[in-house]
Amino acid sequence: MDKLNNFDSDDTTPEKPKKSSASTEMKPIKLPPNISVRQLAETLNVSVVDIIKQLMKNGIMVNINQVIDYDAASLVAVAFSYKVLPKPQVTRKTASVISEIKKYQLLSEEKSNLKPRPPVITIMGHVDHGKTRLLDAIRQSNVMDSEAGGITQHIGAYQVEVSGQKITFLDTPGHEAFTAMRARGSRVTDVTVLVVAADDGVKPQTLEAIDHAKAANVPIVVAINKIDKPDANPETVKQQLADAGLVIEEWGGDTISVQTSAKAKKGIDDLLENLLLVAEMENLLADPHQPAKGVVIEAEMDKTKGPLATILVHDGTLKPGDSVVVGTTWGRIRAMYNDTGKQVKKAKPSMPVVILGLHAVPQVGDTLSAVSDERKARELAERKKNIDEKTPKAVSLYNIFDQISSGRVKELNIVIKADVQGSIEPIKNSLQKLSTDKVQVKLIHTGIGNVTESDIMLAIASKGLVIVFNAGVETGAKRLAETEGIDIRNYNIIYELVDDVEKALKGLLEPEYKEVIVGRAEVRALFPSRKKRSVAGVYITEGKVSRGTPVRVLRNSKIAIESVVDNLRRFKDDVKEVTNGYECGIIIKDYDDFQVGDILEFFSRQAAD
C-alpha cells in the first residue's frame, strides 16, 4: 500500500542518494566556483526543470540563465547522487608564468626553428557598435575618416606595436570574410574581439558573430564599448551574453571582458594587455626560415597594376621574386607593400602585405604557397583547379549516410532559420536527440527570419546544410547556395523535418531532386484577359521563362503559391520562351491574385547528385 501511495504522489523530487555502500558509489564530479543553471543541467545530465526545483527546495529562486555559486551547485549535485570534489582555487595565469612555459617549449623545439609570432586579431560585432573606432583608438590614427560614411567598406589589415610586441588586426565589414577564409580551410584568426555597445546590447549580428567564432574554435575577448554614454548598462550586456552562452570570467565563465570607450580612449590599454595574455596562452609559433605560406584576406583588379591581393603571411617569409601558388592562380611577386603603402622587401609571419604579380584575381580565403619556380607554380595551380572541380563542396541529407559510412563525416552541422523563436526550441531539441556514436548532430547557428548570405557562408565553412522552417531564402543566399552546392531544406511541419534527418542518418531517405533557379521576373502591371484570367505584365530580370516551367510567386519574400506557367504572350502573339531583359504577359495555372511588385521565380527540378 505504501508503494501504491508513493506511485500516486505528485512529488517529482528526485530520490535522495543512498549512503555509500560496497554496491552503490556516488559519481565524482568537479564543479567550478560559479556556474549557470543551464550549464549545471548539462554537467549533471538532468533537465533544467529538475535543477530549478531542487534549488527552490533549498530556498534559491533562479532562472535558466542565472549563475549560482559552488555551494548551491554542490547541494544540487549531491541530490542527484554525485560526489562533489573540493572547491577549486581560482588562480589566473600571469604573463611571467606563461613566458616560462613558452621558454620551455621553445627550448624543446629549437631544432625546428620555431619562433613566437605576433597574434592575429579579428574585430567583429554589430554594425555601429564601434569596431572601426576601437581599432582607430588602438592605432592612434584616423582610419575611419577614409571610409565612406564612417562604415567599413573593405577588409583592412593593420599591424601595431604594443609594449614592444606586434599585433595584427583584421578590421572586417562583419564576419563574412572571416568565414570565407575558414570555408577554404584557413584559420587565420588567433583571437576574436567581440565589440558590444554598452548602450545597445547584444543584437542579431552579435549573436551571428559569436556563432561564427565558436564554429571556428577561436577564443573570444569581449569589448563592452561606449561605456561613456549616459545610458550605458554593462551589466545588462553581461546578462545578454550569458543568455547567448558566452559567460564572462567574473560570472564564473572563461570569457574575458573589458569595458572600453573608443571615443574617450578608455580601457584600450587593458584590452591590449588581455589580448597579449590570451595570445601567449595560445602559444603562437612559426618558422620564418621556410618558404612562405599565407592566406588572401582581400583581392581586386586594379586598372593600372593588374590583379592585387592582400596576403596575411602565417608561416615562412615572403619576398619579391618568389614564385607563388594562390588558390587556382599563380604568379611571381613583382612588388610588396605594407598597410601604410610603403614598399617592403620581406614579410614575416603574421604580417599583412599587398602583392603584385599574379595572373588572375584570387578569392578571399585562398591559400598562398611559395614554390621553387613559376613552372611548378602553374602546374600546382592547374592541379588544384582540377581537384576543386571534382571535390564535393558540402554534405546534403541525400549523401550524408555515405559520408558517415566512409568515415569522411563525424558531424552533421546544421544552420536553422525559422519564422519565430518558439519554433526553434522543439526543432533543436528533437535534432540533438538524433546524435549517435558515429555522428553528432550539431546546430552551429539558429536564427529568426529569412536565410541570408551569412547563413550560407557559415554552412560552407562548416561543410553543413541549412534547414528552413516557415521562412524564406534571400535571392543572394539562394544563388550562393546553388554555386557552392549547399543543401537548403524547406519544411512547415516539425515531425517531417526531424523524420527526414533521421532517415538521412540511417541511409533510408528517398532520393530527391534538387531545385535549380532558371529565371526571375518582376510583376509591373496587371491586365484582364478574354477568358476572365488575370494576366501579369512582367519584366524578366534574370535567366528565362518557358511555358510549362514550374513557378512560385513571392510577395514580401514569402511564397504566395507554387504552380506552372500556363501561357506567355509578347504583344499579341503566344510565345514559347522569353529571356532576360524583355517584357511579356504571363498566365499562371490556377492563380489570378497577382499584385504589382510580386517576384516570380522560375525553377526546374533535377536529380540530386
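**Exercise 1. The whole chain**

What percentage of the 609 residues of the protein chain count as buried? Then describe the secondary structure and the contacts of the chain.

*Solution.*
Step 1. This is a predicted model.
Step 2. Of the 609 residues, 45% count as buried.
Step 3. The chain holds 16 helices and 30 strands.
Step 4. Take the contacts with a separation of 6 or more. Residues 24 or more positions apart account for 69% of them.

**Exercise 2. The nonpolar cores**

Find the residues that touch the most other members of the largest nonpolar core, and say which element gives the most to this core.

*Solution.*
Step 1. A general point comes first. In soluble globular proteins, nonpolar side chains tend to be buried together.
Step 2. The largest nonpolar core has 25 residues. Leu134, Ile167, Phe169, Val193, Leu272 and Leu275 touch the most other members.
Step 3. Now list the suppliers. At least two residues each come from β6 (120–125), α6 (131–139), β7 (156–162), β8 (165–171), β9, β10, β11 and α10 (268–282).
Step 4. Helix α10 gives the most, with six residues.
Step 5. Look at Leu272. Leaving aside neighbours within four places in sequence, Leu272 is in contact with Ile138, Val162, Ile167 and Phe169.
Step 6. There is also a second, separate core of 20 residues. Among its members are Ala41, Leu44, Ile52 and Val76.

**Exercise 3. Two helices with a buried side**

Which residues of helix α3 and of helix α9 are buried? Work out how they are placed around each helix.

*Solution.*
Step 1. Recall the geometry. An α-helix has 3.6 residues a turn, so residues three or four places apart point the same way.
Step 2. In α3 (residues 48–57), the buried residues are Ile51, Ile52, Gln54 and Leu55. Their arc around the axis is only 160°, so they sit on the same side of α3.
Step 3. They pack against α2 (37–44), β3 (67–69) and α4 (70–79).
Step 4. Just after α3 comes Gly59, with a positive phi of about 80°.
Step 5. In α9 (residues 234–243), Pro234, Val237, Lys238, Leu241 and Ala242 are buried. These cover an arc of only 140° around the axis, so they too lie on the same side of their helix, α9.
Step 6. Their cover includes β9 (191–197), α8, β10 (220–225) and β11 (256–259).
Step 7. Gly245 follows α9, and its phi is positive, near 85°.

**Exercise 4. A helix pair**

Describe how α8 and α14 cross, and name the residues that make the contact.

*Solution.*
Step 1. Two numbers are needed. Packed helices are described by the angle between their axes and the distance between the axes.
Step 2. The axes of α8 (residues 204–215) and α14 (residues 453–462) come within 11 Å and cross at roughly 10°.
Step 3. Angles under 35 degrees count as roughly parallel. Therefore α8 is roughly parallel to α14.
Step 4. Helix α8 brings Glu208, His212 and Ala215 to the contact, while α14 brings Ser454, Asp455, Leu458 and Ser462.
Step 5. By type, these residues divide into two nonpolar, three polar and two charged.

**Exercise 5. Positive phi outside glycine**

Are Asn45 and Lys226 buried or exposed? Locate each one and give its phi.

*Solution.*
Step 1. Start with the background. Most residues other than glycine have a negative phi.
Step 2. Asn45 has a positive phi, near 60°. Asn45 lies in the loop between α2 and α3.
Step 3. Asn45 counts as exposed because its relative accessibility is 67%, and the cut-off for exposed is over 50%.
Step 4. Lys226 has a positive phi of about 65°. Lys226 is placed in the loop between β10 and α9.
Step 5. Lys226 is buried, because its relative accessible area is 17% and buried means under 20%.

**Exercise 6. Two buried residues and their contacts**

What do Val324 and Lys478 touch, not counting residues up to four places away in sequence?

*Solution.*
Step 1. Val324 lies in strand β15 (residues 323–326). At 0% relative accessibility, Val324 counts as buried.
Step 2. Val324 touches Leu318, Trp330, Gly331, Ile333, Leu358, Leu368, Ser369, Ala370 and Ala377.
Step 3. Lys478 is found in helix α15 (residues 475–484). Lys478 is buried, with a relative accessible area of 13%.
Step 4. Lys478 touches Val473, Glu515, Ile517, Arg520, Arg552 and Glu601.

Methods. Residues numbered from 1 in each chain as written. Predicted model: local features only at pLDDT ≥ 70, side-chain atom pairs only at ≥ 80, totals over all residues. Heavy atoms only, no water. Helix = DSSP H or I, 4+ residues; strand = E, 2+ residues; numbered from the N terminus. Buried < 20%, exposed > 50% of the residue type's maximum accessible area, 1.4 Å probe, protein only. Contact = heavy atoms within 4.5 Å. Axes fitted to C-alpha atoms, helices over the stretch in contact; angles between N-to-C directions. Parallel < 35°, antiparallel > 145°, perpendicular 65-115°, else oblique. Nonpolar A, V, L, I, M, F, W, Y, C, P; charged D, E, K, R; others polar. Arc of directions from axis to C-beta. Core = buried A, V, L, I, M, F, W, Y, C linked by side-chain atoms within 4.5 Å.
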